[in-house]
Amino acid sequence: MSSCKKIELLAPAGDLKRCRTAVDYGADAVYLGGHNYSLRSRAGNFSIDEIAEACAYARAHQAVIHVTVNVIPHEEDFEGLKEYLKTLQDIGVHAVIEASPAIMALTRAEAPKLEIHCSTQMSVTNAYAAKFLSDSLGIDRVVLARECTMAEVKEIAAGSPVDTEAFIHGGMCVNLSGRCTLSNRMTLRDANRGGCAQSCRWMYRLYQNENEISDPQHLFTMGSKDLCAADTIAGLISAGVSSLKIEGRMKTEYYVASIVSAYRHLIDEIYDAHGPLSDERMAYHRMEIMKGENREVCSGFYQGIAGSESIIHHPNSDADVNHGFLATVKEMNETAHTAVIETRNPFNLNDEIEVLSPGRENLVFKLQMIQNEQSEYIETSRVPMRRLCINAPVSLRPGDILRKGNSR
Ligand code: SF4
């Protein structure tokens, strides 16, 4: 396991702040979308200047940037595309993630220094497809379909002439990664042009002719639980997969920091141990991951075809994941052992605070002092985006995230 190049941890980012956060918390690569040619049209997305800034930041931290150019293109989508690809190459983008053979061919011809990663939208589920795409279009990597089992991943990684990338965390699409017109039909928002409204997560009444066949107490939904492949990471590393991908370009800064940090520690510990971890250590890492996630999770297809246990059977499937996120650190006064923080969610005096800090194990301390902007002592904080001063018996750094120590 340790004799090979270390596996890449690939994180999502919806803006520059989240991109820096992903890199700071241990991502080897970050994927993001430009204003055009990318799915996830509501993900924020980057201007060319912002992509260039992301590349510079990543480069300074030994990381790389991948850009999604994964729209399923109509005729008009090719306008300006050649120039866009050349610009991405010139500003230092490492790879483009693409779902159209025509765009892949254009990239190879016009921007040959860019790596081409075949998007999961192309549903590659076998090594023959990887070889075909490599031979015919010169791609450098396939992002495997989320619907591959672990046994299939092993076979594909062994037989593929190009690198393989596998999803390890985040949303699942129940219709084979966008091979779906549900969103188009229900909202006129095209899932394959960046507009998916996640209509599969809605609750439906089912009728057969005039008769309702759904139970009004348990309406029908197709929404999938999120993927959490923590238990599969050691297997994916052994299989020779090159990159582990976290889904979620629309997720918050807190989500990115928590999930990237948790998987960074898990992957590093597996390498240090030269193999799978004990049940006790895996329980710890699963708990760390779930501090950033408040959707239900499942193991996707890795243990076999996902069944009804992978479907969410209630309407509260899309809640905000920020409930444990209390504040970010702005300044530390080492002499006075105090810190200035910017608040997010409510907290109280005597709360146990956990510090999420890039590259460090989590620190914990008890909150014993809170001062407001007028230097008055207060017992509780309820208002977001306030600057407060707190006691800091452990060393804090600007950018550290404070969260509730027992949020789960
Ligand atoms: S509506 Fe659901 S199944 Fe359809 S593309 Fe969107 S996420 Fe996938």
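The exercises below work through a predicted model of a protein chain with a ligand.

**Exercise 1. The fold as a whole**

Task: Find how many helices and strands the protein chain has, and decide how compact the chain is for its length.

Solution:
- Start with secondary structure: 10 helices and 21 strands make up the count for the protein chain.
- Next, take the radius of gyration, which is 22 Å; the globule rule gives 22 Å for 408 residues, so the chain is as compact as a globular protein of that length.
- For the extent along the principal axes, the C-alpha trace spans about 65 × 60 × 45 Å.

**Exercise 2. Interior and surface**

Task: State what share of the residues is buried and how much area the protein chain exposes.

Solution:
- Of the 408 residues, 53% are buried.
- The exposed area is about 18,400 Å², with 50% of it supplied by carbon and sulfur atoms.
- Turn to contacts with a separation of 6 or more: 67% of them join residues 24 or more positions apart.

**Exercise 3. The ligand shell**

Task: Describe the residues around the ligand by class, and name those that come nearest.

Solution:
- The shell holds 6 nonpolar and 4 polar residues, and no charged ones.
- Among the 10 residues around the ligand, the nearest are Cys173, Cys180, Cys196, Ser199 and Cys200.

**Exercise 4. His285**

Task: Place His285 in the fold and decide whether His285 is buried or exposed.

Solution:
- His285 belongs to helix α10, which covers residues 279-290.
- Its relative accessibility is 1%; buried means under 20%, so His285 counts as buried.
- Beyond its neighbours within four places in sequence, His285 contacts Ala262, His265, Leu266, Glu269 and Leu277.

Key
Residues numbered from 1 in each chain as written. Predicted model: local features only at pLDDT ≥ 70, side-chain atom pairs only at ≥ 80, totals over all residues. Heavy atoms only, no water. Near = heavy atom within 4 Å. Nonpolar A, V, L, I, M, F, W, Y, C, P; charged D, E, K, R; others polar. Helix = DSSP H or I, 4+ residues; strand = E, 2+ residues; numbered from the N terminus. Buried < 20%, exposed > 50% of the residue type's maximum accessible area, 1.4 Å probe, protein only. Contact = heavy atoms within 4.5 Å. Rg over C-alpha atoms; globule rule 2.2 N^0.38 Å. Areas by Shrake-Rupley, 256 points an atom, 1.4 Å probe, with all protein chains shown as cover.
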